[in-house]
Amino acid sequence: MIRKIIELQKIDIEIDEINSEINSSPERIEQINNDIETIKQDIAERERAFKELAVKQREFENDMLKLEEEIKKAQSELYTVKTNEAYKTLLKTIDDKKAQVSEVEDSILEIMEKVEQVKKELDEAKNSRDRQIQMLKSRIDEIQVRKTQIEKLLEEKKSARASVVAELESDQKTNSFLKKYEKIRQSKGGLAVVEVTENDSCGGCNISLTKQKINEVLSSDMTLCDNCGRILYKKQEDF
Ligand SMILES: [Zn+2]
């Protein structure tokens, strides 16, 4: 009789595992979708940074064109000024603007390097993003296929359980055994039947069992652990 209960517990544990996998599927899929979103956001972020830099580079280039125009204009004015004072002022203006051009040139070189670097990283990220997203999407497919499979398996386990239960319910004694099992299973959150370990302890709570208790386990149909209340069994030669 204990063997039927052990069989039932095995099925119940499998059912619990299947249920927990089914129940966790939506959460796992959501997590993967979040990961995909994060990757997409990272790319969008890089694209934004790249565009910003490109705009800045154009601004610097415009600044330089403007300065060069101004220098040209000032240089042409050199021939028309009347006073020595005005001539000197104009020369100073030209020098200042040339210094500014040189600064802007440095800035442009700097930003061009940055643009190149950011573009390179963006291209690499885009490349690996496609692969990553493809991989994550196929993981979602796998979870969904697996969910369908284990839902079918769950139905099989449930019908296997029903037939073991029907068998146990058919006899008054085994039926009360079944009820006891259900009750302990509920209170213990799963494991209701435990094996006596090699050194004669309870396989559930690990407390040492007396010789008398072991004899009881071996001779009676149902013996409970005095400490945790689980049903004890001991493997014998015909097990
Ligand atoms: Zn125990």
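What share of the contacts in the protein with a separation of 6 or more comes from residues 24 or more positions apart? In this predicted model, such residues account for 67% of those contacts. One pair remote in sequence is Lys56 and Val115, which are 59 residues apart along the chain, with their C-alpha atoms 9.9 Å apart in space.

The secondary structure consists of four helices and three strands, arranged along the sequence in the pattern α-α-α-β-α-β-β. The radius of gyration is 40 Å, well over the 18 Å given by the globule rule for 239 residues, and the protein is therefore more spread out than a compact globule. The C-alpha trace spans about 125 × 40 × 30 Å along its principal axes. Of the 239 residues, 11% count as buried.

Helix H1 comprises 76 residues, from 2 to 77. The distance from its first C-alpha to its last is 111 Å, close to the 112 Å expected at 1.5 Å a residue. A bend of about 35° occurs in H1 at Ser25, and a proline, Pro26, follows within four residues. As regards the general geometry of such elements, an α-helix has 3.6 residues a turn, so residues three or four places apart point the same way.

The buried residues of H1 are Ile5, Leu8, Asp12, Ile18, Phe60 and Leu67. The elements against which these buried residues pack include two helices, H2 (84-169) and H3 (172-188). Strand E1 (193-195) and strand E3 (231-233) are also packed against by the buried residues of H1. Lys56 likewise lies in helix H1, but this residue counts as partly exposed because it has 15 C-beta neighbours inside 10 Å, whereas a buried residue requires 20 or more.

The three strands form an open sheet in the order E1-E3-E2, with mixed pairing. Strand E1 and strand E2 (223-224) are the edge strands, each pairing on one side only. In general, strands of a sheet pair through backbone hydrogen bonds, either parallel or antiparallel. The pairing of E1 with E3 is in the parallel sense and extends over three bridges. Val194 stands opposite Leu232 of E3. Both E1 and E3 thus appear in two settings: as paired strands of the sheet and as elements against which the buried residues of H1 pack.

Conventions: Residues are numbered from 1 along each chain as its sequence is written. This is a predicted model: local features need pLDDT of at least 70, side-chain atom pairs count only at pLDDT 80 or more; totals for chains, interfaces and linings use all residues. The expected span of a helix is 1.5 Å times one less than its number of residues. The bend at a residue is the angle between axes fitted to the seven residues ending there and the seven starting there. A residue is buried if 20 or more other C-beta atoms lie within 10 Å of its own, exposed if 12 or fewer, and partly exposed in between; C-beta atoms are placed from the backbone. Two residues are in contact if their C-beta atoms, placed from the backbone, lie within 7 Å. The radius of gyration is taken over C-alpha atoms; the globule rule is 2.2 Å times the number of residues to the power 0.38. Two strands pair if DSSP finds at least two bridges between them.
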